[in-house]
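Colleague: Hi! Could you walk me through this model?
Modeller: Happy to, here it comes.

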Amino acid sequence: MHLSTHNWMRAEPLEVTLKRIKKFGYESIEISGEPEQYKPAETRALLKEHGIRCWGAVTLMLGERNLAAKDQGQRERSVQYVKDVLTMVSELDGEIITLVPGTVGKVTPDATEAEEWNWLVDATRECFTHAKKVGVRIAVEPLNRFETYIFNRGEQALALADAVSPECGVCLDAYHIHMEEFDVEEAIRKAGKRLFDFHIADNNRFAAGLGTIDWPKIVGILKDIGYDGALTNEFVAPVDRTPANRYPDMVERNPVDISPEQLKFIQDHGSSVLTEKFYTDQMRITAETILPLIGKKMPA
């Protein structure tokens, strides 16, 4: 296993992110699923310069992106978006994409369960065909019920993967599974060899180590099932608007270089644009918590 991170949680130049995570012992990045932001040659050069590899990407299901949409045209555009993310990952020599099927934040359906499931299976199959073509694996990720109604548990994500191909896998997220699973250990073990990716944040969605999740136990289960992929940092620290705030300087009050869509996405997660110091501390704390558990050390 190795330590990785997402970068969608803070709008900043990729070079800034890479410098920071290299310092703390991260080995790879699961890059934001926005292909238009990352020119392949330029991005590959930055990754090589900083000694960080592309592990993959996550589909950012903003706005109208939805593989289970009632409107056929919307589904087709969403499939094309996923294909573009897959192509980007292939061009960056990455291995996986984490596929979130529905629009994040959409919690009410537009059709029957059977209709939406059929649309979802057909769309994911088309994405999988392209994934095979470009040599990238797909890991379907369940989110909690407050972010999507489509599915919320690992066994449901496995059902979609099974409907697509035995070569389609799943991604589990420690934050989500501690909200939704009947049994966290059982969910990880049931994923087994189909577990292609694992995201980490604590139960309060701060950095690993700042909540109540038993990280030695979680990493131990992952070792036991033979998981050898990334542990990908994805904290989305909630903003405290009360006098009880432990981190009064966590929010960047004058953000720049962030699109309205990305800002809304972050705010819809209960967070905001974080200051560089707070964000850096969260990256460091995750590394300090996880690296010893996988037999690695922080760089000197």
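Colleague: What do the buried residues of α10 pack against?
Modeller: They pack against β1 (2–6), α1 (14–23), β7 (195–200), α8 (215–224) and β8 (230–233). Contact means heavy atoms within 4.5 Å, and buried means under 20% relative accessible area with a 1.4 Å probe, protein chains only. Helices (H or I, at least four residues) and strands (E, at least two) are DSSP runs numbered from the N terminus.

Colleague: Any caveats?
Modeller: This is a predicted model, so local features need pLDDT of at least 70 and side-chain atom pairs 80 or more, while totals for chains, interfaces and linings use all residues. Residues are numbered from 1 along each chain as its sequence is written, and side-chain values use heavy atoms, leaving out hydrogens and water.

Colleague: Which residues of α10 are buried?
Modeller: Among them are Phe 278, Tyr 279, Met 283, Ile 285 and Ile 290.

Colleague: And why does the span of α10 agree with expectation?
Modeller: Its 15 residues (276–290) should span 21 Å at 1.5 Å a residue, taken times one less than the number of residues, and the end C-alpha atoms are 21 Å apart.

Colleague: Switching to the whole protein, how many helices and strands are there?
Modeller: The protein has 10 helices and 8 strands.

Colleague: What about its radius of gyration?
Modeller: Over C-alpha atoms it is 18 Å, which agrees with the value near 19 Å for a compact globule of 300 residues; that rule is 2.2 Å times the number of residues to the power 0.38.

Colleague: What share of the residues is buried?
Modeller: Buried residues make up 58% of the 300.

How values were computed: Buried < 20%, exposed > 50% of the residue type's maximum accessible area, 1.4 Å probe, protein only.
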